[in-house]
Amino acid sequence: MILFGTGGIRGIMREGEFDEKTVAVASKGVAEYMKMKGLKKVLIAYDTRNNSETFAKLSASVFSGEGMEVYLFGEPVPTPVLSYGVRKLGMDMGIVITASHNPPEYNGYKVYTSNGVQAIPEVTDILTELVKQAWNQPINAVEKYTIVPQEFLDEYISDVSKVVNADLKGLKVVYSPLHGTGAKFVTRLLRMLGAEVIEVKEQMEHNGNFPTVKTPNPEDDRALVLLRKYMAEYNVDLGLATDPDADRVGVVFKDVRLTGNQVGVLLSKMLIDGYLESGRNKGMLVKTIVTTDMVRPLCEESGIKLFEVPTGFKFIGDLVEKHKELDFVFGFEESCGYLTGDLARDKDAVLACGLVAKAAVNFDLLDRMEELYKKYGYYLEKLINFDFKSVDQALDVYSKLKQTKAEGVKEVIDYSKGYNGVIPNDTLRLEFEGGRIFVRPSGTEPKMKAYVMVRADTKEHAISNLEQLENKIKSIVNEILAR
């Protein structure tokens with residue numbers, strides 16, 4: 001089980017890993033933190049996974065038993081709705097039961113602070129200790145909580161429609177929630193704005209087994225098979241799919257799946273242009289360090305301040321909250337997470353679906369991407385996953401990469417001490433002639449991620465650089481393993 005990793009507590013639903021005891025103990029630990037800080041009100045949400053509702057009600061009962069004022073959503077809702085609810089209803093903390101886009105056997109527990117941001121390390125470090133202590137403490141559960149009224153969900157959709165601020169008449173969209181929480185929310189938003197929505201019927205029902213997909217992750221082509229089939233059948237250019245807790249969105253346009261980076265660039269350009277047209281000039285854009293650098297020249301020429309943060313959307317939300325003197329134009333990460341406005345402080349796929357639809361009404365997404373490449377250069381990215389025999393082996397390879405003297409590596413930058421204003425985190429940046437590679441260990445699983453990023457003046461040159469760097473990192477890792 002992962003205890004407060006990039007996205008809270010996560011594990012496989014089995015006895016001794018992620019089970020009722022885990023949820024009760026986690027809730028007891030968070031309740032102890034609330035008492036320490038003099039906090040009282042907690043809001044709880046859950047997604048469409050197996051056991052999510054049971055876990056959410058158990059969590060609510062534990063908080064209630066600890067004397068907290070507890071509010072619970074009466075149905076599965078997107079994770080961003082929890083963030084929105086914490087902010088709008090003036091809650092002290094928020095909890096959501098979800099494992100986002102993980103396989104069906106997983107579930108998880110995420111904690112949010114009163115600003116609607118998922119708890120950052122300075123909070124989760126304390127929570128980890130309190131949760132560990134709670135394993136041996138008596139737990140008192142009292143089934144007493146207030147259900148959030150249905151009107152509140154209507155308000156959320158209405159508020160999101162105002163942020164999107166678009167007329168989508170004439171636009172046809174194929175949409176799939178991949179059996180998740182987006183079903184009611186995305187369809188209502190797009191129709192409210194005037195779009196014609198064709199639902200992928202087989203995937204509209206809430207089902208924690210995700211029976212019609214190989215994976216419920218919209219970053220993965222295997223999740224988009226039925227979406228593409230419907231697009232072809234109905235002759236529709238735009239297809240959108242959200243993950244089970246509706247915080248990420250996959251985009252297909254004219255049978256091309258746009259990467260999280262490409263969608264981020266297109267939305268950045270649209271939102272920056274809109275911001276400048278409004279006559280304001282104190283804008284900020286935030287991205288994670290492993291997300292495309294293509295927005296750099298966009299920000300430079302428009303006077304928008306660009307901030308970079310470690311991987312994890314909580315760092316984007318936290319930074320936005322710390323810079324109230326600037327207007328938050330947009331925040332995004334390469335793994336298909338996007339946010340604008342002040343409603344929530346976590347990535348919001350309901351809002352993102354509205355923004356992508358707005359973009360598609362205004363221009364051809366592929367043509368616009370090509371125009372931007374011609375203007376700023378071909379920025380291409382690729383994620384490579386390395387699997388190892390054990391967590392120790394993964395960490396060993398990572399530590400040896402810090403000292404690598406491999407041919408072609410011009411510099412190794414270690415972010416663990418902080419670099420260029422970015423909060424310290426476990427990431428390495430390997431600089432090469434033709435690009436750079438960011439490397440992150442899981443720390444809790446026998447895995448390591450390598451993000452290859454290149455820029456060239458022609459597409460052919462960029463593709464060639466990308467291939468070379470991909471082969472390079474694979475050979476460096478294999479060399480370390482062979483020692």
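Throughout these legends, Ala, Val, Leu, Ile, Met, Phe, Trp, Tyr, Cys and Pro count as nonpolar, Asp, Glu, Lys and Arg count as charged, and the others, Gly among them, count as polar. The model shown in every view is a predicted one.

**View 1. The largest cavity and its lining.** A search of the whole structure returns one cavity of 30 Å³ or more, and the space inside the largest cavity comes to about 40 Å³. Its lining is formed by Phe4, Gly5, Gly8, Val111, Gln118, Ala119, Thr124 and Lys314. Sorted by class, this lining holds three nonpolar, four polar and one charged residues; Gly5 and Gly8 fall in the polar group because Gly is counted there.

**View 2. The second largest pocket and the elements around it.** The volume of the second largest pocket is about 560 Å³, and among the 25 residues that line this pocket, Arg280, Phe328, Val329, Thr340 and Gly341 are the closest to its centre. At least two lining residues come from each of α5 (150–164), α8 (260–277), α10 (313–322), β15 (327–333) and α11 (349–362), with α8 giving the most, namely four residues. The lining of the second largest pocket divides by class into 10 nonpolar, seven polar and eight charged residues.

**View 3. Helix α1 against helix α2.** Helix α1 (residues 20–37) and helix α2 (residues 52–65) have axes that come within 9 Å and cross at roughly 35 degrees, and the crossing of α1 past α2 is right-handed. On the α1 side, the contact is made by Glu20, Val23, Ala24, Ser27, Lys28, Val30, Ala31 and Met34, while α2 contributes Thr54, Phe55, Leu58, Ser59, Val62 and Phe63. Taken by class, the residues of this contact of α1 with α2 comprise nine nonpolar, three polar and two charged.

**View 4. Helix α6 against helix α11.** The axes of helix α6 (residues 182–192) and α11 come within 9 Å, crossing at roughly 35 degrees, and this crossing of α6 and α11 is right-handed. From α6, the residues Phe185, Val186, Leu189 and Leu190 meet Val350, Cys353, Gly354 and Ala357 of α11. By class, the contact of α6 with α11 consists of seven nonpolar residues, one polar and no charged; the polar one is Gly354, because Gly counts as polar whereas Phe, Val, Leu, Cys and Ala count as nonpolar. Helix α11 also appears in View 2, as one of the elements that each supply at least two residues to the lining of the second largest pocket.

**View 5. Spans annotated as domains in UniProt.** An unreviewed UniProt entry lists residues 2–133, 154–252 and 260–376 under "domain: Alpha-D-phosphohexomutase alpha/beta/alpha". In the model, the span of residues 154–252 is 32% helix and 18% strand, and its end C-alpha atoms lie 28 Å apart. Residues 260–376 are 53% helix and 18% strand, with end C-alpha atoms 18 Å apart. The feature "domain: Alpha-D-phosphohexomutase C-terminal", also from an unreviewed UniProt entry, is placed at residues 408–455; this span is 0% helix and 52% strand, and its end C-alpha atoms lie 17 Å apart.

Note on methods: Residues numbered from 1 in each chain as written. Predicted model: local features only at pLDDT ≥ 70, side-chain atom pairs only at ≥ 80, totals over all residues. Heavy atoms only, no water. UniProt positions renumbered as here; feature names shortened; annotations may be inferred. 1 Å grid on protein atoms, 1.4 Å probe; cavity = no way out; pocket = protein on both sides within 12 Å on 5 of 7 lines; lining within 4 Å. Points joined across faces, edges and corners; volume = space filled by probe spheres on them. Axes fitted to C-alpha atoms, helices over the stretch in contact; angles between N-to-C directions. Left-handed = near helix turned anticlockwise from the far one by under 90°. Contact = heavy atoms within 4.5 Å.
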